[in-house]
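Hello,

Here is the structure I promised to pass on. Please open it alongside this note; what I found follows below.

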Amino acid sequence: MRVVVWITEGTWPACVDATLTRAGAGEEIVQLYVYDDTLAETAHGAFAGLLGRGHPERGPGHHIEQLSESAGRDLLDSTARQLGRPARTLLTHGRGR
């Protein structure tokens, strides 16, 4: 059986504890972190609309995307250490709803 753990900033310690309590020794653990695209899209739009229609490469959206991905990787690293057992990690992005 595969156990998928959806990792978020506020609840990850409880999720790790629950995983350790409920996942059997032979079960595969998959840590999933999804970072939200909304903030980066908003920054892209604000920059384009207000300041930089001619220079999208200068917009803050790309930097925000990189920071979001980096923060997600750091969080997954922290949860993997807390789990103390092998786990697959998935880092993806999408829209928050």
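**Strand 1 and its neighbours**

In strand 1 (residues 2-6) the side chains alternate. Val-3 and Val-5 point to one face and are buried. Arg-2, Val-4 and Trp-6 point to the other face and are not buried. That fits the general pattern: in a regular strand, side chains alternate between the two faces of the sheet. Keep in mind that this is a predicted model.

Next, the pairing. Strand 1 runs parallel to strand 2 (residues 28-36), and 5 bridges join them. Across from Trp-6, in strand 2, stands Leu-32.

Strand 2 also pairs with strand 3, again in the parallel sense, over 7 bridges. Here Tyr-33 stands opposite Leu-91 of strand 3.

**The sheet as a whole**

What is the order of the 3 strands in the open sheet? The order is 1-2-3, and the pairing is parallel. Strand 1 and strand 3 (88-94) stand at the edges with a single partner strand each, so one side of each has no neighbour in the sheet. On average, neighbouring strands are turned by 25° against each other, direction ignored.

**Helix 1 and Cys-15**

Helix 1 (residues 12-22) joins strand 1 and strand 2 in a right-handed β-α-β unit. Cys-15 lies in this helix. Which residues does Cys-15 touch, leaving out those up to four places away in sequence? They are Val-5 and Trp-6. Cys-15 and Val-5 are 10 residues apart along the chain, and their C-alpha atoms are separated by 6.8 Å. Val-5 is one of the buried residues of strand 1.

Best wishes

How values were computed
Residues numbered from 1 in each chain as written. Predicted model: local features only at pLDDT ≥ 70, side-chain atom pairs only at ≥ 80, totals over all residues. Heavy atoms only, no water. Buried < 20%, exposed > 50% of the residue type's maximum accessible area, 1.4 Å probe, protein only. Helix = DSSP H or I, 4+ residues; strand = E, 2+ residues; numbered from the N terminus. Pairing = 2+ DSSP bridges. Right-handed = clockwise from strand over helix to strand, strands pointing away. Axes fitted to C-alpha atoms, helices over the stretch in contact; angles between N-to-C directions. Contact = heavy atoms within 4.5 Å.
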